[in-house]
Amino acid sequence: QKFRRIQKYKSSTQPGGHLVTRAKFIHDNLLITGTNNGYVRFWQLQCAKDKSRMIGSGNSLPNLSLRYDLIGIHNGAIELLVNVGNVLLTSGGNDGKIVGWDIATGSRLGDMQCHQGRQIESGVLQSCVVDLLINGKDGTFISLCRDGSLRMLKM
């Protein structure tokens with residue numbers, strides 16, 4: 001069988017667009033995408049009736065509508081998209097932090113510095129958080145950075 005392209009969407013509102021590096025579906029049919037230049041977009045997935053197909057009950061087509069466009073929230077490619085309840089956690093680039101977002105409003109809740117960085121000749125080099133383990137019972141996070149370092153944080 002062949003796949004049929006239903007709809008095409010731009011991954012960025014900026015000229016030339018940007019490549020999607022991460023994508024994740026979360027509750028309420030919400031698609032979250034992150035791009036190679038640190039943008040995160042919230043898309044609402046809806047199924048619309050296709051009036052050209054009148055046979056059978058499966059005549060609905062998916063449609064994405066943009067809810068929030070978070071521009072330049074990290075200084076490089078988005079590496080991590082994790083949701084905890086109604087909070088989205090993101091990381092990317094070389095800023096060494098995780099940023100929290102309210103999924104309902106798209107507003108920034110705050111950030112956590114997970115990678116302290118190391119001194120180099122031209123300043124401080126930080127590493128991107130690429131994975132996160134969360135223990136909901138005691139409120140601890142363990143972050144894994146691109147350079148292989150682990151850090152435990154407690155809320």
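**A tour from the whole fold to Phe-42**

Begin with the whole protein in view: of its 155 residues, 36% are buried, where buried means under 20% relative accessible area with a 1.4 Å probe, protein chains only. This is a predicted model, in which local features need pLDDT of at least 70 and side-chain atom pairs count only at pLDDT 80 or more, while totals for chains, interfaces and linings use all residues. Residues are numbered from 1 along each chain as its sequence is written, and side-chain values use heavy atoms, with hydrogens and water left out.

Colour next by secondary structure, which shows zero helices and 13 strands, given that helices (H or I, at least four residues) and strands (E, at least two) are DSSP runs numbered from the N terminus.

Now select Ile-32, Val-40, Phe-42 and Leu-88, the residues with the most contacts inside the largest nonpolar core, which has 13 residues; such a core is a set of buried Ala, Val, Leu, Ile, Met, Phe, Trp, Tyr and Cys residues joined through side-chain atoms within 4.5 Å. Two or more residues of this core come from each of β2 (30-35), β3, β5 (78-84) and β7 (97-102).

Stay on Phe-42, which counts as buried at 0% relative accessibility, and add Tyr-68, with which Phe-42 forms an edge-to-face aromatic pair, 5.4 Å centre to centre and 85° between the planes. Rings of Phe, Tyr and Trp (its six-membered ring) pair if their centres lie within 6.5 Å, and planes under 30 degrees apart count as stacked, over 60 as edge-to-face and the rest as tilted. Because Phe-42 lies in strand β3 (residues 40-49) and Tyr-68 in strand β4 (residues 60-70), the pair ties together parts that are 26 residues apart in sequence.

Technical notes. Buried < 20%, exposed > 50% of the residue type's maximum accessible area, 1.4 Å probe, protein only.
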